2 protein chains.
Amino acid sequence: MIDVCLLGTGGVMPLPGRWLSSALIRYNGRMILIDCGEGTQVPLRMAGWGFKAIDAVLFTHYHGDHAAGLPGLLLTIGNSERTEPLTLIGPPGLGEVVEGLTVIAPELPYNLKLIELSGTERDEIRLNGLIIGSIPVDHTITCLCYSLYLKRQGKFDIDMAEKLNIPVQYYRQLQNGCKVEADGRVIKPEMVLGLERKGIKICYCTDTRPTEALVDFVRESDLFICEGMYGSNEDLEKAVQKKHMTFTEAAEIAKKARVKELWLTHYSPSLTEPEKYIDETEAVFPGTRTGTDLLAKTLKYNQE
Amino acid sequence: MIDVCLLGTGGVMPLPGRWLSSALIRYNGRMILIDCGEGTQVPLRMAGWGFKAIDAVLFTHYHGDHAAGLPGLLLTIGNSERTEPLTLIGPPGLGEVVEGLTVIAPELPYNLKLIELSGTERDEIRLNGLIIGSIPVDHTITCLCYSLYLKRQGKFDIDMAEKLNIPVQYYRQLQNGCKVEADGRVIKPEMVLGLERKGIKICYCTDTRPTEALVDFVRESDLFICEGMYGSNEDLEKAVQKKHMTFTEAAEIAKKARVKELWLTHYSPSLTEPEKYIDETEAVFPGTRTGTDLLAKTLKYNQE
């Protein structure tokens, strides 16, 4: 299972009562933060999941509302007594951004490890047992959409395990995908595990216009967190011009990609009541929810 | 008169319910911000004085909790349609800090003008009709205490004006310190103004240990905004070690300097109830107030 918490839902600038868009992902007690705008450390504290277990910060892009909170977060993580390296991941330019922003955080009690993604093609890395994918989207500067996928291995075939005379005490290790040595022979997990089952897929996408590649990339997500800068369809022209989306455009992607659930985020400061537009958005994709600061959910494997 | 608003009162990191220490000063419709930690733009919005009229940001020093909000503030001021240059003032290193932090705010619709103070001696500059003074204090890195002084000219001597046959329509200009030409002769304000009277003095001081120079510098302030990182005298050792002050140390300075009013600020995150220590602090200096976020006051000239 994976825990997800939407720390904030605003775009452009932090507001009284609305933090900037950011998501916290927790799996196996370790955490990944996606985007870190000014003030993100405050809802992070409010979420109550702690700071020390954040192993990576993923940046969609380097506009201020997605990155300005980095130096403060790094200092606060430092105060949490973390000493293990922290990984920062983002499109090209990461080194320059981190070097610039850490001018006011020159001495941290842990190292930073930087991973610059291509920004031009689909990338994939592994972290904390999750597969992190990314593709470039269509914004005013290079911007990435991220997917986080937690694999689920095949079902344990108890009949096969008995047939192979595997001692019961090794079942759990094999279920967890580990090779074991028993009675002088090597037993591989694939000998007793069925075909890989559907895992859990979360996608985080902001800031962009809709693209076909995006539909393909977020296909069948269990949770699709997507920007909806504008609630009203009347703001479509503004959305096109500023390279953002309306609620119904986000819902169209969710529908085409057959995701399970859509959380809208990254609202324009002028959009004070996102829920006003939920009916027309649900008419396009019924599984839509207008995200709110600190909205959290635990995603579990499908029952089989 | 001058309006003062304490935007936040926290040290180290922004907290749910407590913004980082910063003060906004308004005089004649123009504004000066002192320090800009992460999130400062949010209470700035809550104060309701706007963004566009901020002409200068003064930095006491470049620790993250005093400077990390700069890029976000610059972007938000940009959104307020400001086009006049904005002045940034601080101790040595300002250029490097601004260059680093603006890596995520590369295109602003106005220019930045940087003024680096010496950091080693008393400096004085004039801005918006205010005299801004600074002295170095005693912190872990170079840090400045600021004074803002609004001069008050002498009383208008109506008898003298009549004696000199100055037409009544020029009185206001002369009262405002302007030279006028009337009936072919030049009349200087000093001809009809008495001796300069006491103006309004505000001092802002954080982060530091007490120093003798500080007492001298803040002498007879109308308002002395001063750090009180620790409420309890039991934390004195910690204050010495981290180069901060306890409430009573701040009150001692206020008392020695015979200021009118002391507002405490820059509380440690562990200091959840500053008002718990007000009695023992008032015992040292009765005019103490434990600052709270958005505490505001209008300072007027003394009645004469």
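Chain A of this predicted model is divided into domain 1 (2–152 + 198–299) and domain 2 (154–195), with bounds that come from an automatic or database domain assignment. Taken over C-alpha atoms, the centres of domain 1 of chain A and domain 2 of chain A are separated by 39 Å. Residues are numbered from 1 along each chain as its sequence is written, while chains are lettered from A, and ligands numbered from 1, in the order in which they are written. As the model is predicted, local features need pLDDT of at least 70 and side-chain atom pairs count only at pLDDT 80 or more, whereas totals for chains, interfaces and linings use all residues.

Next comes the sheet. In chain A, an open sheet of 7 strands follows the order β7-β8-β9-β12-β13-β14-β15, with mixed pairing. Strands (E, at least two residues) and helices (H or I, at least four) are DSSP runs, numbered from the N terminus, and two strands pair if DSSP finds at least two bridges between them. At the edges stand β7 (123–127) and β15 (288–290) of chain A, each of which pairs on one side only. On average, neighbouring strands of this sheet are turned by 20° against each other, direction ignored; the axes are lines fitted to C-alpha atoms, for helices over the stretch in contact, and angles run from 0 to 180 degrees between N-to-C directions.

Individual pairs fill in the picture. In chain A, β8 (residues 130–136) and β9 (residues 144–152) pair in the antiparallel sense over 6 bridges, and Ser134(A) stands opposite Tyr146(A) in β9(A). In chain B, β9 (residues 144–152) and β12 (residues 197–205) run antiparallel and are joined by 6 bridges, whereas β12(B) and β13 (residues 223–227) of chain B run parallel and are joined by 4 bridges. Cys203(B) is the bridge partner of Ser147(B) in β12(B), and Phe224(B) is the bridge partner of Cys203(B) in β13(B).

Helix α9 (residues 247–256) of chain A lies across β13 (223–227), β14 (262–265) and β15 of chain A, at about 155° to β14(A). Of the 10 residues of α9(A), 7 are buried, so the helix is largely enclosed by the rest of the structure. A residue is buried if 20 or more other C-beta atoms, placed from the backbone, lie within 10 Å of its own, exposed if 12 or fewer, and partly exposed in between. Among the buried residues of α9(A) are Phe247(A), Glu249(A) and Ile253(A). Their cover includes α7 (212–217), α8 (236–242) and α10 (278–284) of chain A.

Asp35(A) sits in the loop between β3 (30–34) and α1 (41–47) of chain A. Asp35(A) is buried, with 28 other C-beta atoms within 10 Å. Leaving aside neighbours within four places in sequence, Asp35(A) is in contact (C-beta atoms, placed from the backbone, within 7 Å) with Ser21(A), Ser22(A), Phe59(A), Thr60(A) and His66(A).

Finally, the two chains can be viewed together. A turn of 180° and a shift of 0.0 Å along the axis lay chain B on chain A with an RMSD of 0.1 Å, using least squares on the C-alpha atoms of residues with pLDDT of at least 70 in both. The two copies are thus related as by a two-fold rotation axis. In chain B, the C-alpha nearest the axis belongs to Gly100(B), 1.9 Å from it. Contacts link 27 residues of chain B with 27 residues of chain A.

Definitions and conventions:
Two residues are in contact if their C-beta atoms, placed from the backbone, lie within 7 Å.
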